[in-house]
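Student: Could we go through this model by asking what each term rests on?
Tutor: Yes, and each answer will set a value against its definition.

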Amino acid sequence: QWPEAAMVMFLFTVAELIEAKSLDRARNAISGLMQMAPEQATVKQADGTWQVQEVKAIALGARVRVRPGERVGLDGEVVAGRSTIDQAPITGESLPVEKTVGDKVFAGTINQAGELEYSVTAAADQSTLARIIHAVEQAQGSRAPTQRFVDRFSTIYTPAVFALALAVAVIPPLFMGAAWFDWIYRALVLLVVACPCALVISTPVTIVSGLAAAARKGILVKGGVYLEGGYKLDYLALDKTGTITHGKPVQTDYVALDPSVEATAPALAASLAARSDHPVSRAIAAVDKQPAPQPVDNFEALPGRGVRGDINGQTYHLGNHRLVEDLGLCSPELEEKLFALEKQGKSVVLLLDGSGPLALFAVADTVKDSSREAIRQLHELGIKTLMLTGDNIHTAEAIAGQVGMDQARGDLLPGDKLQAIENLYAQGHRVGMVGDGINDAPALARAEIGFAMA
């Protein structure tokens with residue numbers, strides 16, 4: 001029956017190709033993680049000179065320098081300098097984080113503004129990034145119960161059936177004088193009958209169908225074990241940045257503190273912001289229908305605080321809460337306004353002249369239009385939702401409240417997200433995880449089903 005045999009071989013080949021593709025994706029994910037950390041870093045020597053060394057050879061306590069645009073090579077604590085660092089690959093925070101003396105830095109993050117020097121606090125194989133890679137490998141190694149049962153069953157059943165078929169083909173001709181062709185044919189029949197064809201052949205076809213249906217909705221599922229387990233989920237953990245939100249800061253609020261500059265303050269702020277490469281400044285400069293930027297003289301960046309420049313002969317500052325405090329221009333009324341916006345998870349920037357604050361601008365990562373509807377549909381299915389994010393708890397709670405999520409947890413490193421998934425498992429829940437970044441990888445791999453947002 002050549003057509004049937006050809007079809008069986010074809011379907012098995014398709015199943016193997018799907019499995020191989022899945023394994024390749026897993027290997028590529030791990031290699032992508034490993035490439036995030038640079039292989040070399042600039043280390044201060046005993047004679048005061050700086051020398052490039054392999055990160056694997058750098059000892060604890062060594063003093064390492066990282067310039068703007070470079071990736072941090074090792075975990076450490078800042079001992080000199082001030083800068084902003086994009087920690088999104090590790091913590092998932094939507095905005096760069098200000099770093100100064102005493103703050104922690106993580107391997108694989110990107111230094112943006114100024115030069116930093118830090119003291120190494122963890123070896124290359126013990127860094128936060130290395131622990132993420134280890135957690136992913138460990139989580140991928142923990143198989144689902146159904147998969148473990150199938151593996152155990154196949155290791156016993158398959159060799160037993162093969163040995164029995166071999167005995168049927170060989171023993172009668174050798175010891176009973178039977179015809180070889182007849183008994184080889186019967187051995188092949190035994191193999192075909194003993195093989196659970198309906199189950200085995202339908203499995204790859206069903207998986208392909210399920211994967212295709214999910215892909216049409218923008219969902220990629222790792223394999224059949226996870227596909228069939230979807231209906232069992234009762235908890236879904238979600239990352240915030242890039243998952244619930246767009247992952248790109250935009251201006252959300254404008255308040256004129258001095259009515260006389262209500263019409264002109266946005267143009268002044270945009271003129272100063274256009275000269276800065278900070279994401280908050282870019283968000284202010286990118287507001288639609290903004291007048292063309294005005295010429296700025298004597299422009300100066302104030303690391304960790306904001307910028308300063310002269311427009312039409314008048315000196316203006318555009319900066320954060322800390323800058324207002326340093327200039328001695330804060331007041332209880334202004335503090336109240338700032339606190340109310342910061343509690344909503346927004347970054348606040350103020351425009352000031354020599355007399356005081358003129359206007360404030362709030363910047364935040366905005367919620368996707370589809371997020372509220374998605375959370376509502378999950379609740380209708382009886383699935384509870386939990387936000388896991390590296391952003392501060394105020395931002396987490398504000399965003400979770402906007403979309404109607406059940407719980408929110410902030411200030412989480414990748415290991416903390418993984419532990420949150422483990423805790424839900426320990427409570428008897430069946431947990432899925434939705435994320436979009438490397439920092440979500442351990443939790444995605446450990447969850448019953450991991451949904452990686454593209």
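What follows is a short exchange on cores, a surface patch and strand pairing.

Tutor: This is a predicted model, in which local features need pLDDT of at least 70 and side-chain atom pairs count only at pLDDT 80 or more, while totals for chains, interfaces and linings use all residues. Residues are numbered from 1 along each chain as its sequence is written, and side-chain values use heavy atoms, with hydrogens and water left out.

Student: What makes a residue count as buried, and what share of the protein chain is buried?
Tutor: Buried means under 20% relative accessible area, exposed over 50%, and partly exposed in between, with a 1.4 Å probe and protein chains only. Of the 454 residues in the protein chain, 39% are buried.

Student: Why is the group with Leu272 and Phe361 called a nonpolar core?
Tutor: A nonpolar core is a set of buried Ala, Val, Leu, Ile, Met, Phe, Trp, Tyr and Cys residues joined through side-chain atoms within 4.5 Å. The largest such core has 20 residues, of which Leu272, Ile284, Ile311, Tyr316, Leu318, Leu351 and Phe361 touch the most other members. Elements supplying at least two residues each include helix H8 (265-273) and strand E13 (306-311), and H8 gives the most, with 5 residues. Here helices (H or I, at least four residues) and strands (E, at least two) are DSSP runs, numbered from the N terminus.

Student: Which residues does isoleucine 311 touch?
Tutor: Leaving aside residues up to four places away in sequence, isoleucine 311 touches Leu268, Ser271, Leu272, Gln294, Pro295, Val296 and Tyr316, where contact means heavy atoms within 4.5 Å. A second, separate core of 15 residues includes Val72, Val78, Ile85 and Val120.

Student: What makes Ile171, Leu174, Phe175, Met176, Trp180, Ile184 and Leu188 a nonpolar patch?
Tutor: Patch residues have over 30% relative accessible area and no salt bridge, and like charges are joined within 9 Å, nonpolar side chains (Val, Leu, Ile, Met, Phe, Trp, Tyr) within 5 Å. A salt bridge is a side-chain nitrogen of Lys or Arg within 4 Å of a carboxyl oxygen of Asp or Glu. These seven form such a patch on the surface, with about 770 Å² of accessible area together, and helix H4 (145-175) and helix H5 (180-194) each give two or more residues.

Student: How do you know that strand E4 and strand E7 pair?
Tutor: Two strands pair if DSSP finds at least two bridges between them. E4 (residues 76-81) and E7 (residues 104-105) have 2 bridges in the antiparallel sense, so the criterion is met. E4 also runs antiparallel to strand E9 (residues 116-120), with 5 bridges.

Notes. Areas by Shrake-Rupley, 256 points an atom, 1.4 Å probe, with all protein chains shown as cover.
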